[in-house]
Amino acid sequence: MNIGRTFFSILAAAALATVPVAGQTAPKTTISSLNPNSAIAGSAGFTMTIDGANLLDCAAAPCLAVNWAPSSGSPTTIRPSSVGPNANFVTAAIPASLLTTPGSVSVTVTAEFGVSNALTFTINYPTPVISTLSPISGVVGGSSFTLTVTGSGFFSGSIVEVNGSPVATTYVSGQTLTATIAAGFLNAAGNLGITVVQPNGLSSAVANFPVNYPAPTITSLSPTQVAASTTPVNIAINGTNFFTASTVQINGANTSTTLVTSQQLTATVPASALAAPGQLSVNVTNPGPQVSNTASLTVVAPSISGLSPSSAVAGSVTFTLAVSGSNFISGSVVTWNGTSLTTFFTSPTQLTALVSTSLLTTAGTATVRVQNTSQAVSNAATFTITPKPLTITSLNPSSATAGSGALTLTVNGTGFVSGSVVDWNGSTLTTSFGSVNQLTATVPASLLSQPGSATVLVTNPDLTQSNAVTFTINPAPVTITSINPASAVAGSAAFTMTVNGTGFLSGAVVNWNAIPLATTFGSATQLTAQVPATLLAQAGGAAIQVLDPNNTQSNVVTFTITATPLTITSISPTSAIAGAAGFTLTVNGTGFVSGAVVSWNSTALATTFGSATQLTATVPASLLAQPGSATVLVTNPNQAQSNTATFTITPAAPTITSINPASAIVGAAGFTLTVNGTGFLSGAVVNWNSTALATTFGSETQLTASVPASLLAQAGSATIQVVNPNNTQSNPVGFLISAGTPPTITSLSPASTVAAGPTFTLTVNGSGFVSASVVDWNGNAVPTTVVNTAQLTASIDASLIANPGSAAVTVVNPGNVASSAATFTITVPNPPTVTFSGPATTGPMQQPSITFAIGAAYVLALQGQVTLTFTPDAVNPSDDPAIQFSAGGRTLSFTIPANSTQVPPILIQTGTVSGAIRAHMTLTGGGASIPVSDVVIQISRAAPVIRSVTATRSSGSLQLSIVGYSTPREVTQAVFHFNPVGTAAQIPDATVSVGSLFTPWFQSSDSTQYGSQFTYTQSFTIQGDSTQIGTIIVTLTSSAGNSQPVTSN
Amino acid sequence: MNRTLFGVLWLAGAVAQAQQGPTLGVVFDGGAGAFRRIIGLPGAAHFSAPLDAGTTFSSAVVSPGHEFALGIGSSDSQLYLIRLKGAPVSTPVGGAAWVPSKIIFSPAGRTAVLVGPSGTIQLAIGLPDSPSISVEIDISSLGAGLQAIAISDGGTVLAAFAAADGSSLLYAIGATSGTQSVGSAALASAISFLRNSNSALVADRAAHQILQYQLADSGAAVSVIATQTDGISDPVAVNVSGSAQWVLVGNAVDQSLVRIDLTGLNAPSLFSCACDVSAIGRLAGNAVFQLGGLSDQPLWVFDGDDVNPRVVFIPAITAPDASGGGQ
């Protein structure tokens, strides 16, 4: 069809078009709108409707087409999918492939009348989306780098912007852009805002790119050690990634920090950190925080290497001590045995100090140290103070009198030391060190007993000896200082006199009025002498004097002989009962002489002289007939009379001959007691066990007394006694309180009950019950009601029947008179039904539960115990210690509280050995056994089970470790199938007879703890390339069958 | 016997065989102050009598491979390394600044972190043959409290500290590399490194998810490997199998366990256990884990090596000792 031919009307099958006739303007194909007229790049395809006119297909051949001509890229045509009924529109499917690139598209339609006018379709940019950034963060001070931005909606021309500033961007794909981030963006910490901007200005959401400080590192410290000090010091820290914001921590505490360069900081070490030697940790922290590695700064104590001078003689004058060493500071102090010296700082290696003479008085050593701080003290250096020479210059005293006793000797001199000893004629004295110039020593009396002289010298611990000095012992004068005794009573017996004094010599004699006495020499200060009784006959004095063998006489001392007074000091006895028989009276006193007479109320008694201090006299019964008193007196033959003593004659005591009644029944009423006897006085009282009864005086021979019922409540006896007003007491007489007839029990109602029941009333039938009768239940009284003499009732509390058993019931009357016991039976309640079951069979390595339940709560607590036993059924039988309860062991004990159905869970482990596991339960309630059937679980013999196969290859060998178990405890054969790698040749299976390995194992005691478990190791020697062996499949065999084949890992 | 390319020669005189029994590892019995072996396989195991190490210990932690342990001597509070193969032998380890309150081993047991009493840690390296203790590292400034900590076989510590808002801040800490902030979590409760890797799993009990941190010199990349839809709920413990394929997570809310396959070949699976899931330790095998610590109750074990993974118990230790003995 062309524009120049004759036009005619046609009727298309689906469209009717207006066709121009001849002479008219030729019809044209036009389009007026596109719907839609735009899309987002990358969107899905859609159907476009194009309105227009004469949108007819060609008659000869299909020509209707939509022409799609993008501004960039190749044009294409699209066959419309439909035509409007009046050829006024067409629809065409626009595929997504035509919408990938933003830009404009010229759209025309080719139809019967040619190509239409063009309309523009717009493909817009989508909003870009950022999903990830790589790297995810940067570091302050970092170099420029390439940032990979991934997301969607990226196009050539998309630009990455940092904080709104575009940066060099490379389009990689619709999902990836790369951008160069200049180092300038990394000057400070914070977030960089990353966006992607389309050529048309459409921007993505901002993605934050964090810029963090990098972790600083410490490479070195300068210096690495500092002296302990009381003042801060500065150090330099060398490393990397240092910033103005960087801070230094000393032992974790921030300290003053100065940035020098990015590789160096300076920091102040505070004085508090320098107080003591040790290690300080040094860290640098950047904000973040980003913490560096830890460096160590050593705080060192001062050290002494030498002293000058290093010694002095004791007593030297003040001098200057030079101390050499290291780590000294201005402020270091030199100490001398802990005392600070006036110190001058010369340099870190030298100090000087003044040592005063007062510190040099004593020989010995001094410890010298340097102290920077109280905790930083140097090593000790020793300064030696040498002693002066050892000499004795004087003794005090330098002499003593022989026999004058021990003395303390003061030895003066030089060079004495602690430990120096004083020698006395070669004997060492007990010595005390006073000073370098003085010692004191104890000279015992034994060394001073005889006149003469002694050589004194001093020996020091180093065995050096002083010069010798003489100590003089002068003779002592003969003197008496005391005698003992110094007196005696005239007529005394002979005695030994001790004479004390000085200057006594062996052979000295004690004279008594110039008469020498037999004398014994004791020491230079003591004699003893025998004084015969003949010298003591008369009162008077005697001159005592000592005469030494050299006729030297002592002073005279007087011995006094005194006269004796006549006195009675005591008599024995001092009294008697009126009417008593005669007796012998002993009179004690002084001054009695032979012929002295004892008188009794002026009546002379027959008297016997015993000694000057004792007489005896006979007192006849006639003098004792009446109560009263007697005056006792002694008269010597010279008619001298002693003082008097009084003898008392007391009245006679009452007696009880009988009482009436002499007994009563316990619990009886009160009564009147008649007491017969003698010597009863008006006012006499009858006592009942020391308790006075209301008493009536009848006569000298009869009393009556009222006995109240309260005294008859208990069986037993009472003591009856009469006490006269003069407190004389009669003989005691017994009164019997008899128990009487005990009650009896003939029956109980009820006679039994079920344990754990409620409180109930017990009726007790019998005889002999009284109003105070009480029912006892196992020895304990229970609340009792007396019905009559033949019946009681008692309330039995539930707590008394809580458990099965029996109780002894008795009736107790007053006086603790009890009946025989009647037995009350407490029976066991009917036991609950018990369910105890488990699986009849199960496999090895299982952990089944055993069902345990009771049918209903039981009124009593139930005690139970489950015990596991195992009977192996294996080719090589053995116990299996893995068979246990989950709670451990093979015994499980438990208690089910009363009125509860809560039972313990029972979980067991079956182990790996074939056999029978028997669970046996013992269950008791109230002491009664409740039968429970055993649970028996059978573990069958089964083929071996392989849990794992581990292959270990090495050059020329292959080792397989096979872990598994075999319930019969038997493995007879192992088959190994080797899978070749790739196209390598097939390898024949290896069959190994392993009975000779497994049987000894399963028969050994070592295997028992594993049940039937084993780790079987099989090694092979390989010829060829062992890497050509792939996996290995292992099968084990026992008499119970073959295992499942398992492939090595 | 085929000898075309290569052959397997089973020569009667050259084939070596050996037989012994399997053990699940070693546990420390605080009551006895000694170690006990776990004799047997999961489901049929029991404890041995206490092993005589020549001394007793107030506390000890067994290495993941169960070849040795680090413990504190009862009498001298000294740190000891105790070798557990055969008869135990204990050797003092010098350098510890204090008695550690906690010892955590790396997955292969080559390093350990010793947590001190006052915000400091020390690292034990060269385990077990050449043990040495690093200087103290002060971590007190990194947060309000240490929430979880772990150490890689390479000696990098990953630790979670409480932030002011209750969330967790994670830091990578090295003995020589310093401290680096690597990320955060809602509430980190447990950390576990993968064997011979700088990759660590972090349990986030507030977000109910398991995160994987890949540590690098410049920081860390983090990804989520399991969430509540996978069964993670209030996770408090996490550990990884020896093969690094399986992850076992302990959920505190219902005492359940979630097994995750890091290869993605298997969907997460959930296991219930009426036991303590707050601590998960490795036992012998690939994916056999001890649940909780030793007590007077049964010790529960997750047996992930079984064809049908299951939770089983090891019978409790009774007094007097009813175990089977053995060394």
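Okay, so Phe760(A) and Phe824(A): both of these are buried. Keep in mind that we're looking at a predicted model here. The two rings form a stacked aromatic pair, with 5.5 Å centre to centre and 20° between the planes. Phe760(A) sits in strand E78 and Phe824(A) in strand E85, so the pair ties together parts of chain A that are 64 residues apart in sequence.

Over in chain B, there's Phe35(B) with Phe57(B), and that pair is tilted: 5.8 Å between centres, 55° between planes. Phe35(B) belongs to strand E4 and Phe57(B) to strand E6, so here the parts tied together are 22 residues apart in sequence. Phe35(B) and Phe57(B) are both buried too.

Those two pairs are among 31 aromatic pairs over all chains. There's also an aromatic cluster made of Phe998(A), Phe1002(A), Phe1014(A) and Tyr1016(A). And if you like charges over rings, look at Arg259(B), which lies over the face of Trp246(B), 3.8 Å from the ring centre.

Right, on to the interface. Chain A puts 60 residues into the contact and chain B puts in 57. About 4,700 Å² is buried between the two chains, with carbon and sulfur atoms giving 57% of that.

What about salt bridges between chain A and chain B? The count is 1. That's Asp303(B) with Arg947(A), at 2.7 Å, N to O. On top of that, 11 residue pairs are in polar contact between the chains, both residues at pLDDT 80 or more.

So which element gives the most to the side of chain A that touches chain B? That would be E99(A), with 11 residues. Helix H1 (995-1003) of chain A is one of the elements supplying at least two residues to that side.

Technical notes:
Residues are numbered from 1 along each chain as its sequence is written. Chains are lettered from A and ligands numbered from 1 in the order in which they are written. This is a predicted model: local features need pLDDT of at least 70, side-chain atom pairs count only at pLDDT 80 or more; totals for chains, interfaces and linings use all residues. Side-chain values use heavy atoms; hydrogens and water are left out. Rings of Phe, Tyr and Trp (its six-membered ring) pair if their centres lie within 6.5 Å; planes under 30 degrees apart count as stacked, over 60 as edge-to-face and the rest as tilted. Helices (H or I, at least four residues) and strands (E, at least two) are DSSP runs, numbered from the N terminus. Buried means under 20% relative accessible area, exposed over 50%, partly exposed in between (1.4 Å probe, protein chains only). A charge sits over a ring if NZ of Lys or CZ of Arg is within 6 Å of the ring centre and within 35 degrees of the ring normal. Contact means heavy atoms within 4.5 Å. Buried area is the accessible area (1.4 Å probe) that two parts lose on being put together, summed over both. A salt bridge is a side-chain nitrogen of Lys or Arg within 4 Å of a carboxyl oxygen of Asp or Glu. A polar contact is a pair of N or O atoms within 3.5 Å; within protein, one must be able to donate a hydrogen and the other to accept it, and residues adjacent in sequence count only if both atoms are side-chain atoms.
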